[in-house]
Amino acid sequence: MTFKEMGLNPQILKAIKELGFENPTQIQKETIPFVLKNDRDLKALAQTGTGKTAAFGLPILEKLNMKEKNPQVIILCPTRELCVQITSDLTKYAKYLSHIQIASIYGGANIETQIRKLKQGVHIITATPGRMLDIIKRKKVDLSKIKTLVLDEADEMLNMGFKDELDAILEKIPETKNTHLFSATMPKEIDAIAKKYMHEPYEVTIGKKNIGAENVSHEYYMVHSKDRYLALKRIVDVNTQIYGIIFCRTRKETKDIADYLITDGYRADALHGDLSQAQREIVTDKFRNKHIQLLVATDVAARGLDIKDLTHIINYNLPDEIELYTHRSGRTGRAGKQGSSIAIINIKEKNLLKKIERIIDKKFIYKPVPTGKEICEKQLFYLIDKMQNVKIDEEKISSFLESIYQKLENLSKEEVIKRFVSVEFNRFLEYYKDAKDINIPETNNEKSYSKNGRDTRGPKANLSFSKNLTRFFISVGRKDKIKNTDLINFIYKTTKVKNIKITGIDLMGTYSFFNVDKSFSNTILNSFNNAEYKGRKIIIEPAEELETSQNRKRKRRRK
Ligand code: AMP
């Protein structure tokens with residue numbers, strides 16, 4: 001089915017043709033004709049980069065009553081960047097529709113200006129939930145004419161803690177509206193929202209067939225954590241024309257990595273929540289215009305960024321919520337272009353990849369971190385290719401040539417080539433001359449996983465299976481914002497024993513491991529019997545028994 005056959009009006013067809021939309025994407029085929037013909041709720045499972053914005057945006061524009069000055073549509077999305085992006089996309093689709101008014105309502109900007117815009121009359125509001133609710137509570141918006149409520153990236157709105165705001169907004173908008181919910185994942189909480197506020201929604205699932213996932217290859221490199229930055233540099237250096245986003249877990253890590261890259265001579269910058277809106281726009285513009293080639297970003301800051309032609313997404317660290325991986329990788333491979341999503345992992349994170357593989361329904365390909373020699377070769381031939389293909393502007397250089405020839409007349413052709421290569425290339429040769437192999441070989445690390453998938457190798461893990469030590473699993477982890485010292489203090493406080501030697505601490509997302517001398521095992525187990533951490537009951541078990549006890553729990557649940 002073509003856009004024309006869907007029944008979109010000629011002005012919209014003209015605008016999207018100019019944007020290069022030749023054929024509808026899968027989600028557009030599934031939703032546009034349906035929404036045009038039906039006034040019903042819609043629940044769509046679709047990832048970023050699938051053409052979602054046009055999927056909900058085009059029928060909204062088609063169905064608008066241009067004479068009605070009170071808002072008819074509210075589009076809620078998780079971040080101000082996405083809000084601005086959706087408004088900009090809708091404005092482009094509506095280029096040949098006259099007088100369409102869209103208000104972008106988001107936090108961090110002047111609320112009075114936004115209220116003034118609403119007063120002037122708007123057809124559509126794009127908003128973040130917090131600011132929208134604020135304006136509703138101040139009674140500055142008339143909701144009586146709302147026909148459609150779009151929840152875009154609903155899972156992300158919940159991840160960002162907007163559950164209460166969404167509930168409050170959904171309660172306040174008249175029941176006669178249609179709700180169109182779009183989400184990359186469907187956790188229980190989304191189903192709960194759908195059940196509570198939607199009436200027999202028409203369900204659409206865009207599986208593998210989306211422009212994002214289809215063109216993205218997923219690759220991983222495995223190194224020790226201390227070598228992560230080195231691996232990043234090598235990946236960047238071997239991909240001579242990389243234009244990509246490097247995702248980090250925290251603002252601090254984002255700033256640090258960007259700083260290191262800049263110091264090391266890369267065209268990079270950081271995008272994170274500590275920047276003001278104006279600063280963020282400057283960074284985003286620099287990236288969009290390709291003045292920088294590497295954007296180091298947190299998940300939140302990069303939401304809604306629609307940058308064309310990204311070649312790579314690099315997961316410097318995998319996200320805490322593995323579902324976020326889909327959002328990250330969906331930033332590349334857009335609109336039919338090829339892209340790579342790369343994960344730099346340490347040996348313990350291999351089982352996370354397996355979980356992600358289940359979500360994306362694709363396999364990660366193992367890639368060895370390139371050696372210094374491979375990188376130098378790649379860079380050198382890139383340089384040679386560039387030289388071969390460079391356009392020569394005879395007119396501009398002719399006046400200099402004579403004196404250049406004179407200066408170089410004593411050098412042979414071979415000498416000139418050698419010197420020219422060295423000028424451009426010494427940085428790489430020097431840097432990589434003693435570069436070590438930083439790979440953890442794939443064959444070894446397959447063997448290193450015990451049956452239950454946990455790492456049993458490496459210096460720390462080895463300790464856990466030594467005769468005199470017991471390795472414990474404990475259900476507090478990085479998500480509780482604890483550090484090694486906090487964990488040790490927690491153990492001291494709970495056991496009331498201060499001379500326990502605690503070693504081999506591995507802080508994971510929601511759990512951790514540590515080793516203690518076997519003689520303390522019972523003390524630990526007994527004192528943690530009813531222990532709580534910040535009001536939450538703690539589970540603690542010897543690590544090897546965890547699998548069986550979890551299985552027991554699972555089996556019990558199944559019964
Ligand atoms: P979205 O999922 O809405 O963020 O869209 C991802 C990218 O695909 C954006 O750059 C859109 O402009 C582009 N796009 C959306 N629909 C189409 C289409 N039918 N043909 C080509 N590109 C599209």
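These are my notebook entries on the ligand site, the charged pairs and the aromatic rings of this structure.

**Entry 1: the model**

I am working from a predicted model, so local features are held to a pLDDT of at least 70 and side-chain atom pairs to 80 or more.

**Entry 2: around the ligand**

I started with the ligand. I found 16 residues surrounding it, and the closest are N23, Q28, G51, T53 and D306. Then I looked up individual contacts. T50 brings a polar backbone atom to 3.1 Å from a ligand oxygen. K52 also uses its backbone: an N or O atom there lies 3.2 Å from an oxygen atom of the ligand. For T53 it is the side chain, with an N or O atom 2.6 Å from a ligand oxygen. I also checked the cover: on its own the ligand has 500 Å² of accessible area, and the protein covers 86% of that.

**Entry 3: K52 again, from its side chain**

With its backbone noted at the ligand, what does the side chain of K52 meet in a salt bridge? I found D152, at 2.9 Å from N to O. The two are 100 residues apart in the chain: K52 is in helix 3 (residues 52-63), while D152 is in the loop between strand 5 (148-151) and helix 7 (154-159). Buried or exposed, I wondered, for D152? D152 has 2% relative accessibility, so I put it down as buried. K52 is buried too, at 7%.

**Entry 4: other salt bridges**

The count for the structure is 27 salt bridges. As a reminder to myself, side chains of opposite charge can pair when their charged atoms come close.

Next I picked E81 and R280, whose closest N and O atoms are 2.5 Å apart. This bridge links helix 4 (residues 80-93), where E81 sits, to helix 13, where R280 sits, across 199 residues of chain. E81 has a relative accessible area of 15%, which is under the 20% cut-off, so I logged it as buried. R280 is buried as well, at 9%.

For a local case I took E415 and K418, which meet at 3.5 Å, N to O. Both lie in helix 19 (residues 413-432), three residues apart, or about one turn of the helix. E415 comes out as partly exposed at 26%. K418 has 53% relative accessibility, and exposed means over 50%, so K418 counts as exposed. I also noted a network: K43, D191 and E203 are joined by salt bridges that share partners.

**Entry 5: aromatic pairs**

Turning to the rings, I have 13 aromatic pairs in the structure. I looked at Y229 and Y260 and asked why the pair is edge-to-face. The ring centres are 5.3 Å apart and the planes stand at 65 degrees, and over 60 counts as edge-to-face, so that settles it. Y229 is in helix 11 (residues 228-238) and Y260 in helix 12 (residues 251-263), with their positions 31 residues apart in the chain. Y229 is buried at 14% relative accessibility, whereas Y260 is partly exposed at 43%.

My second pair was Y243 with F287, which is tilted, with 4.8 Å between centres and 45 degrees between planes. Y243 is in the loop between helix 11 and strand 9 (244-247), F287 is in helix 13 (residues 277-288), and they are 44 residues apart. I found both Y243 and F287 buried. Helix 13 had already turned up in my notes, as the place of R280.

I also wrote down one aromatic cluster, formed by Y220, Y325, F364 and Y366.

**Entry 6: charges over rings**

Which charged end sits over the ring of Y243? I found K290 there, 4.7 Å from the ring centre, so Y243 goes into my notes twice, given its pairing with F287. Another case is K14, whose charged end sits over the ring of Y96 at 4.1 Å from its centre.

**Entry 7: N317**

Last, I looked up N317. I placed it in the loop between strand 12 (312-315) and helix 15 (324-329). N317 is buried, with a relative accessible area of 7%. Its side chain makes a polar contact with the side chain of R228, at 3.1 Å.

Methods:
Residues are numbered from 1 along each chain as its sequence is written. Side-chain values use heavy atoms; hydrogens and water are left out. Rings of Phe, Tyr and Trp (its six-membered ring) pair if their centres lie within 6.5 Å; planes under 30 degrees apart count as stacked, over 60 as edge-to-face and the rest as tilted. Helices (H or I, at least four residues) and strands (E, at least two) are DSSP runs, numbered from the N terminus. Buried means under 20% relative accessible area, exposed over 50%, partly exposed in between (1.4 Å probe, protein chains only). A charge sits over a ring if NZ of Lys or CZ of Arg is within 6 Å of the ring centre and within 35 degrees of the ring normal. A residue is near a molecule or strand if one of its heavy atoms lies within 4 Å of it. A polar contact is a pair of N or O atoms within 3.5 Å; within protein, one must be able to donate a hydrogen and the other to accept it, and residues adjacent in sequence count only if both atoms are side-chain atoms. Accessible areas come from the Shrake-Rupley method with a 1.4 Å probe; for residues, only the protein chains shown count as cover. A salt bridge is a side-chain nitrogen of Lys or Arg within 4 Å of a carboxyl oxygen of Asp or Glu.
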